Amino acid sequence: MKRNSFIIELIKSPPFRILIILALLIILGVIIANRKEKSIRLKEDVLYVQPKTDE
């Protein structure tokens with residue numbers, strides 16, 4: 001029973017909540033950065049025109 005109350009008090013503490021919020025913001029930033037990189041890569045693929053060979 002004592003262990004459960006420790007976990008509850010840890011979750012209620014302001015530093016722990018700030019840590020969780022910062023972790024979520026970092027994860028969200030990484031996801032957004034990866035999404036933008038993929039969309040830029042996709043645009044490059046679409047705009048690429050293969051040069052015609054003279055035969």
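## Close-up views of a two-helix model

**View 1. Polar contact between Arg17 and Ile11.** The side chain of Arg17 comes to 3.4 Å from the backbone oxygen of Ile11. The model shown here and in the other views is predicted. Arg17 belongs to helix 2, whereas Ile11 is a residue of helix 1, which covers residues 2-12. The pair therefore links one residue from each of these helices, with the backbone of Ile11 as the oxygen partner.

**View 2. Surroundings of Arg17.** With neighbours within four places in sequence set aside, Arg17 touches Ile11 and Lys12. The relative accessible area of Arg17 is 49%, so this residue is classed as partly exposed; the exposed class requires over 50%.

**View 3. Surroundings of Ile11.** When neighbours within four places in sequence are left out, the contacts of Ile11 are Phe16 and Arg17. Ile11 is partly exposed because its relative accessibility is 44%.

**View 4. Nonpolar surface patch.** Six side chains are shown: Ile18, Ile21, Leu22, Leu25, Leu28 and Ile32. Together they form a nonpolar patch on the surface, and their joint accessible area is about 580 Å².

**View 5. Leu25 within the patch.** Leu25 is one of the residues of the nonpolar patch and sits in helix 2, which runs over residues 14-47. Its relative accessibility is 53%, so Leu25 counts as exposed.

**View 6. The whole protein, for orientation.** The secondary structure consists of two helices and zero strands. Of the 55 residues in the protein, 0% are buried. The accessible surface of the protein is about 5900 Å², and 68% of that area comes from carbon and sulfur atoms.

Definitions and conventions
Residues are numbered from 1 along each chain as its sequence is written. This is a predicted model: local features need pLDDT of at least 70, side-chain atom pairs count only at pLDDT 80 or more; totals for chains, interfaces and linings use all residues. Side-chain values use heavy atoms; hydrogens and water are left out. Patches are made of residues with over 30% relative accessible area and no salt bridge: like charges are joined within 9 Å, nonpolar side chains (Val, Leu, Ile, Met, Phe, Trp, Tyr) within 5 Å. Accessible areas come from the Shrake-Rupley method with a 1.4 Å probe; for residues, only the protein chains shown count as cover. A salt bridge is a side-chain nitrogen of Lys or Arg within 4 Å of a carboxyl oxygen of Asp or Glu. Helices (H or I, at least four residues) and strands (E, at least two) are DSSP runs, numbered from the N terminus. Buried means under 20% relative accessible area, exposed over 50%, partly exposed in between (1.4 Å probe, protein chains only). Contact means heavy atoms within 4.5 Å. A polar contact is a pair of N or O atoms within 3.5 Å; within protein, one must be able to donate a hydrogen and the other to accept it, and residues adjacent in sequence count only if both atoms are side-chain atoms.
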